[in-house]
Amino acid sequence: MDSSLYDDVGGLDGLQRLSKAFYDRVLADELLVPVFAHFTPTHLDHVAIWLTEVFGGPADFTARLGGHQALLRSHLGLGIRDEHRQRWLDHMADAINEVLPGRPELARTLMDYFDWGTAIAQDVSQNPVGTDLGDPGPTPRWGHQGLVH
Ligand code: HEM
């Protein structure tokens, strides 16, 4: 399959709609609101730009927003627990169903990424703000067969 996941989800526009549908749910959830206490609307755009790069679109998160290391650093000190991560995944699955309905195979591939990525976010979040994470390497890329690199 030659198309990127980025193309399959409808490019940046599709990812912005996904990000919006996701945060509408997160910010209405009493379990998650304390974790997202410092949410600002830029967060929504930044997530769409991160996913653009991961799913094979332009590398704008690396060019403009600090790349892989900045993404990891955003999660320092959050102390994400198992139930936070699970709820995050539940909201993402619902948001995918809303924005990309009737595409179970695509939904599964996207959720494979989110399953993988949320485990890393949870792990990193146990470290205090300011922890030196070293060089995590380039932003990961995810395709139809899973992790590309
Ligand atoms: C694949 C998994 C994930 C991705 C792609 C992701 C993406 C992002 C991005 C791009 C940012 C930076 C936002 C900005 O610069 O404004 C961010 C920050 C953040 N993420 Fe995640 N995240 C993931 C998992 C999680 C999980 C599991 C949680 C908690 C349950 C979480 C909670 C947060 C919080 C609280 C912030 C900082 C909020 C803020 O600055 O307003 N993330 N995330």
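Q: In this predicted model, which residues of α6 are met by G14, R17, L18, A21, F22, R25 and V26 in α2?
A: On the α2 side, the residues that take part in the meeting are G14, R17, L18, A21, F22, R25 and V26. Their partners in α6 are H91, M92, D94, A95, I96, E98 and V99.

Q: How many charged residues does the contact of α2 with α6 hold?
A: Sorted by class, the residues of this contact include eight nonpolar and two polar ones. The remaining class in the contact of α2 with α6 is the charged one, and its count is four.

Q: How are α2 and α6 oriented to each other, and what is the hand of their crossing?
A: Helix α2, which covers residues 11-26, packs against α6 with the two axes 9 Å apart and at an angle of about 135°. An angle of that kind is not over 145°, the limit for roughly antiparallel helices, and α2 and α6 are therefore oblique to each other. As for the hand of this crossing, it is right-handed.

Q: What is the orientation of α2 relative to α3?
A: The axes of α2 and α3 lie 9 Å apart, and the two helices pack at an angle of about 130°. The crossing that they form is right-handed. Since the angle again falls short of the 145° limit, the orientation of α2 and α3 is therefore oblique.

Q: Which residues of α3 make the contact with α2, and how many residues of this contact are charged?
A: From α2, the contact is made by L12, L15, Q16, S19, K20 and Y23. From α3, the residues that make it are L44, V47, A48, L51 and T52. By class, the contact of α2 with α3 has seven nonpolar and three polar residues, while the number of charged ones is one.

Q: Is α6 roughly parallel or roughly antiparallel to α7?
A: The axes of α6 (residues 82-99) and α7 (residues 104-125) come within 10 Å and cross at roughly 155°. Because angles over 145° count in this class, α6 is to α7 roughly antiparallel.

Q: What is the hand of the crossing of α6 and α7, and how many nonpolar residues does their contact have?
A: The crossing of these two helices is right-handed. The contact is made by R85, W88, L89, M92, A93, I96 and N97 of α6, together with A107, L110, M111, F114, D115, T118 and Q122 of α7. Of the residues in this contact, three are polar and two are charged, and the nonpolar ones number nine.

Q: Which of the residues around the ligand come nearest?
A: The shell around the ligand divides into 11 nonpolar residues, 11 polar and one charged, and α3 (41-54), α6 and α7 each supply at least two of its residues. Of the 23 residues around the ligand, those that come nearest are H43, H46, S74, G117 and A121.

Q: What radius of gyration does the chain have?
A: The chain comprises seven helices and two strands, which run α-α-α-α-α-α-α-β-β from the N terminus on. For 149 residues the globule rule gives a value close to that of the chain, so the chain is as compact as a globular protein of that length. The radius of gyration of the chain is 15 Å.

Notes
Residues are numbered from 1 along each chain as its sequence is written. This is a predicted model: local features need pLDDT of at least 70, side-chain atom pairs count only at pLDDT 80 or more; totals for chains, interfaces and linings use all residues. Axes are lines fitted to C-alpha atoms, for helices over the stretch in contact, and angles run from 0 to 180 degrees between N-to-C directions. Helices (H or I, at least four residues) and strands (E, at least two) are DSSP runs, numbered from the N terminus. Angles under 35 degrees count as roughly parallel, over 145 as roughly antiparallel, 65 to 115 as roughly perpendicular and the rest as oblique. A crossing is left-handed if the near helix is turned anticlockwise from the far one by less than a right angle, and right-handed if clockwise. Two residues are in contact if their C-beta atoms, placed from the backbone, lie within 7 Å. Ala, Val, Leu, Ile, Met, Phe, Trp, Tyr, Cys and Pro count as nonpolar, Asp, Glu, Lys and Arg as charged, and the others, Gly among them, as polar. A residue is near a molecule or strand if its C-beta atom, placed from the backbone, lies within 6 Å of it. The radius of gyration is taken over C-alpha atoms; the globule rule is 2.2 Å times the number of residues to the power 0.38.
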